[in-house]
Every structure is written in structure tokens, then in C-alpha cells.
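User: Please examine the structure shown below. Several questions on its local features follow.

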Amino acid sequence: MTDSTGSTWRYTWARQQNERRRRAYRTVERAWRRRDDELRRLRALAVGLQGTAAAGVGLPLALGPGEAVLATVPGAQLVEVRHTTVLPAPDLVVEAEPGPLRHRLPDGVRVTDAGIAVVTNRRLVLLGGRGRRDWAYGRMTGLLHDPAAPVTLIQVLDRRQTSGVLLPPGAAAEFRFVLTLAFADAIEQRPVVLAQLDELIALHAESAPFRPAIATPAQARISARVPGGRRTVAVAAALALVVPAVLVESDPPVTPEVASAATAAPGPGVTRPPQPSPSPSVVRERRCGAPANPMGYDYCGGERVREPDHRICDWFDCVPQFWAGRGYLVLCRDGAVSLTGGQPKPCAGHDGVRRAVHR
């Protein structure tokens, strides 16, 4: 059985598998590199950000002795909270992977002015059309970055009303990071931010995707020749066994009158069994470095896999004699997966275990 190029079906299967693996790897690897580059950029910014007084030239802002401008964000808006609230104390947490922000106002927050947000090494200032609003780091008692909107709310000792800034969504993540650095400098804790970034970089390096192994024609299963794969073969085999039995045990032909009576509403006390609803498809957004796969397997944590799906070796790189394993599914340090988790010498010959595979 050959295709138009003269290759056997096994070679066709191997070529398609390798192309699919390459596409999946390139997609995951590009996303991983983008995040790695961003973390390293933030690390360099955290080391070198000092600010200068010259950066404030042209702004209607008088800087104090030793005060330097770290960043300016045009298009910022002053917001105020209508009700009384208590914000969490300022901290030095760097977000592991910020989510997307929508340009909207949280409930109970209103815009009262617009202008330029200026971050210095001593305070945050909003230079608006109606005046100036200052938040000195030394007087901050509360700080909250909204996780869904580009809003930062601040409480200070000398002002009862909670206020803050609404920023353009594209500038919010950088602004928050610079503000964290400025506050860390004010309390002499910039090394804490650097240590967090070093940890995030190390954890991200652990999730680097592995280059997929090359699929060979010898790995092709006979079910690859049938549309639908092994599932189609299994269904066809089941029908081959069930249909003859149904034909032997079936009742005599039913007349139209009998069929009409049979389809009438059931009598009292008779209930029809509920129809099973189709199970929803599983959607997994996080894979923590695992290749995209329809089984929902990842490296993020959860239930260990002791009976993997029969398609696993189509999506993951399996060790030789994979199905001879008797443990749970693990990722070896050379990038292959094995069923030897929890067994003596797991991933033997593959540099040991790197992490478990979960679903």
C-alpha cells in the first residue's frame, strides 16, 4: 500500500508524525523563549535601574535633593474609591506570569483626573489637569494591583480616601514592576526582588520543552492504516461480535399498529432510563512544559498516571519497551517518558527521573 510518492504507509505515518511533533515543539519553544527573555530583561532592569534627575526635565514637578525619576507613564488617570476599604500592606512580590488586563474600572472606583504618572525613588506622583497627587513610599499603608484591570490603588497615612491610578493596559505590567523596585529601594530591600527573579528564572528553566525524538516507520501501528485509528478498529470488532447476537435474539417483525402502541407514552409507574449526557471535553490551559496533547497530561501537578492512554507515544517521546513498565508515568531527564515511576531504578538508562506526569 503506497502513496503518490511511492512510500509505504509506515513511512507516510512517520513523516506526518515528525512534522506534527516539530510544529508542536516550535510553538511551545517560542512561547518559552519569550517568557525567558522577559524574565531576564526584568532581572537586568532590577540591577541597573537607578533613575536620574535629568529624566524629570520638562515636567511640572520639583524634585527634592537626591530624588531621581525612574519612569514616566503618559495617559494615566487618577481614580478614587467611593467607599471605605482597607488595602493589604505593600509587599515586594513579583508576579510569576501576569495575566491580560482589560481597560475597565472595578466596581466602586471612579476617574477624577488624567495626566502623567511619574515614579521616582521617593514617591509616585500623578501630574493631572486639576493638580498634583503624591503618594510617598514612606507613608504608604496599603497597596493593591487589580489582577483583571490596569488599576493600582494606594492608601497613605495622611489621606483618608483611597486613591490610585488607572494606566494604559500595555504599560501596567512595567509600571507595577518599577513601582515595586522603587518601594523596595525605599525600605532597602532591592535584593529581595532580585532573589525572586532568580528563583523565577530557575523555575522557568526547569520547564524548558524537550526537542521531540524522531518517529521511525517501525513505530507505526497497524491501526494507523484505518481512518480513526485504534478506536475505529475496536468499534468494528465490537460490532462484529454484537450484531450476529442481536440478529439471533431479535423479536419477530413489528406491525405498524404495534409500533404505534409501543411509541405511546409510558403507563403509570413506568419511567424511562435517563439518557447519558456526553462527557465534556477536557481543556487544560497550563501544561508546565508538557507537549500539547488531547489526553490532558501535564507536568503541573495533580493525579499520577498509572494507566496512560494508548495514544501517549503519539504525543510524548516514549522510552523503548515503554509498555513493559509497571509504575506510574514519569518524565526522564533525557526528555523521554517512562512507566517506571515508584519502581526500583526508575528511568534507568535515561539519566533518572526529572518529574512526574499528571492529569
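Analyst: Buried means under 20% relative accessible area, and exposed means over 50%. The model is a predicted one.

User: Is Gln155 buried or exposed?

Analyst: Gln155 belongs to strand β6, residues 151-156. Its relative accessible area is 12%. The cut-off for burial is under 20%, so Gln155 is buried.

User: Which residue has its backbone nitrogen 3.2 Å from a polar atom of the side chain of Gln155?

Analyst: Beyond its neighbours within four places in sequence, Gln155 contacts several residues, including Thr85, Val86, Leu87 and Thr162. The backbone nitrogen at 3.2 Å from a polar atom of the Gln155 side chain is that of Leu87.

User: How wide is the arc that the buried residues of α3 cover around the axis?

Analyst: Helix α3 spans residues 190-206, and its buried residues include Val193, Leu197, Leu200 and His204. These buried residues lie on the same side of α3, whereas Pro191, Glu199 and Leu203 are exposed on the other side. Elements covering the buried residues include α1 (9-48) and α2 (169-186). The arc of the buried residues is only 160 degrees.

User: Which strands stand at the edges of the open sheet that contains β8?

Analyst: The sheet has three strands in the order β9-β8-β10, with antiparallel pairing. Each edge strand has a single partner, so one side of each is left without a neighbour in the sheet. The strands at the edges are β9 (337-341) and β10 (353-356).

User: Which residue of β9 is the bridge partner of Tyr328?

Analyst: Strand β8 (residues 328-332) is joined to β9 by three bridges, and the two run antiparallel. The partner of Tyr328 in β9 is Gly341.

Methods: Residues are numbered from 1 along each chain as its sequence is written. This is a predicted model: local features need pLDDT of at least 70, side-chain atom pairs count only at pLDDT 80 or more; totals for chains, interfaces and linings use all residues. Side-chain values use heavy atoms; hydrogens and water are left out. Two strands pair if DSSP finds at least two bridges between them. Helices (H or I, at least four residues) and strands (E, at least two) are DSSP runs, numbered from the N terminus. Buried means under 20% relative accessible area, exposed over 50%, partly exposed in between (1.4 Å probe, protein chains only). A polar contact is a pair of N or O atoms within 3.5 Å; within protein, one must be able to donate a hydrogen and the other to accept it, and residues adjacent in sequence count only if both atoms are side-chain atoms. Contact means heavy atoms within 4.5 Å. The expected span of a helix is 1.5 Å times one less than its number of residues. The arc is that of the directions from the helix axis to the C-beta atoms.
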